[in-house]
Amino acid sequence: MAALIAENFRFLSLFFKSKDVMIFNGLVALGTVGSEELFSVVAFNCPCSPARNYIYGLAAIGVPALALFLIGVIWNNHTWNLVAECHKRGTKNFSAAATFLLFGSIMGRAAVAPVTWSVISLLRGEAYICALSEFVKPSSLDKFPAEYGAEVLARFPCRDVPANLTKFRDEVTRRLRYESQLFGWLLIGIVAVLVFLTKCLKHCCSPLSYRQEAYWAQYRSNEDKLFRRTAEVHSRILAAKNVKHFFGFVALDKEEKELVQEFPVEGVQPSPQWNAITGVYIYRENKGFPLYSRLHKWAKGVEGNGPTPEGHELLFLAS
C-alpha cells in the first residue's frame, strides 16, 4: 500500500511539473470565475437609466477584462525579456516568424483571464441585459403599450416597472439572456478551436522531437529554479559581507552562518554577463549541439545572436 501511494504521488508530481503552464492557466481561469461571481454579487448594480445602461453594461464586461489582460502581460516573463532585448540589442535578430511567435505567446497567456471573465459575464447575462434592454424594439413585443418607450425598457433589469409590463419584462429578459449565453457559448467554441489549431501548428512547426521539447521544458524549469535559489543565497551572503564590512560584525542566524561558511562569495557578476543571459531566447544549435537558454549559450562561450557558419538558428520560442 505504501509503495502504491508513493507511486501515485510521484505520478502527480511529474504531471504537475510537465503540465505547469496548463495548471497555471486553469488556476487563473478559476480565480477569474470566483472574482467575477464576487463582482456580480457585490459590485454590479445596473443604473436602469437610458444611455447609462449601455455604457455601464459594456464597462462591467470590458474594463475588468482589459485590466486582467494588462496584468497578464505584466506578469509574463516574455514581456520583460522582450523589453530587455529591445533595449540592449534591438529587434534586428528577430525574423517575422519569431516576432509573431513571441507576441502570440505573450498575448495568448495574457488572454486566459479576460476571456474567462467575458465568458462568465455573458453566461450570467446580467451585464448584457443591462446594456441592451433599452434597445429592444417595442414593436417586437406583442401588444406592448404604445405610451411606453426606451425609458421604461431601460428599467426592466431593475424590475422597477408597472404591473401591466411584468410579462413584457420577463420576455425581454429571457430574450436578452438567450442572446448573451449564445454569444458566451460561441466565444468558448471559438477559443477552443483557436487553442487546438495553435497547439497543432506549434507541434507541426517545431524543429524538435516531442521528447527533446519535453526535455527543453524541464531544463528551463530547473534552470530557473536553481538560478533563483542560487541568486537568493548569493545576494544574502554578499549583503552579509558588506554589512560586516560597515559595522565590523553581522548578526546571522545559524542557517545563514552555515551558508556563509559553505559558499564563499568573492564579488558580483559584471553587467556584460547579466546582459548576456537576459532577454528573449530563440532555440539555437551550435555545431549540431542544442543551446537551451541564454545562460547555456553563455556558459558554452558561443558569441553572437544570429546564425553563424558554425551555428544554426531554429525559429522556435521557449513557451
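This is a short tutorial dialogue on reading a predicted model.

User: Where do I start with the overall fold, and how many helices and strands does the protein chain have?

Analyst: Happy to walk through it! Start with the inventory of elements: here the protein chain has 13 helices and 3 strands.

User: Which residues does UniProt give as "transmembrane region"?

Analyst: Such a feature comes from a record, so it is good to set it beside the model. The unreviewed UniProt entry places it at residues 21-42, 54-75, 96-117 and 182-201. In the model, residues 54-75 are 100% helix and 0% strand, with end C-alpha atoms 32 Å apart. Residues 182-201 are likewise 100% helix and 0% strand, and their end C-alpha atoms lie 28 Å apart.

User: What share of the residues is buried?

Analyst: Buried here means under 20% relative accessible area. By that cut-off, 30% of the 319 residues in the protein chain are buried. For the outside, the accessible surface is about 20500 Å², and carbon and sulfur atoms hold 65% of it.

User: And which residues line the second largest pocket?

Analyst: Read a pocket through its volume, then its lining. This one holds about 290 Å³ of space. Its lining is F227, T230, A231, H234, S235, L238, Q269, Q273, W274, I277, L295 and W298. The elements giving two or more residues are α10 (210-247), α12 (271-276) and α13 (294-299), and α10 has the largest share, with 6 residues.

User: How many of those lining residues are nonpolar, polar or charged?

Analyst: The lining divides into 7 nonpolar and 5 polar residues, with no charged ones.

Key: Residues numbered from 1 in each chain as written. Predicted model: local features only at pLDDT ≥ 70, side-chain atom pairs only at ≥ 80, totals over all residues. Heavy atoms only, no water. Helix = DSSP H or I, 4+ residues; strand = E, 2+ residues; numbered from the N terminus. Buried < 20%, exposed > 50% of the residue type's maximum accessible area, 1.4 Å probe, protein only. Areas by Shrake-Rupley, 256 points an atom, 1.4 Å probe, with all protein chains shown as cover. 1 Å grid on protein atoms, 1.4 Å probe; cavity = no way out; pocket = protein on both sides within 12 Å on 5 of 7 lines; lining within 4 Å. Points joined across faces, edges and corners; volume = space filled by probe spheres on them. Nonpolar A, V, L, I, M, F, W, Y, C, P; charged D, E, K, R; others polar.
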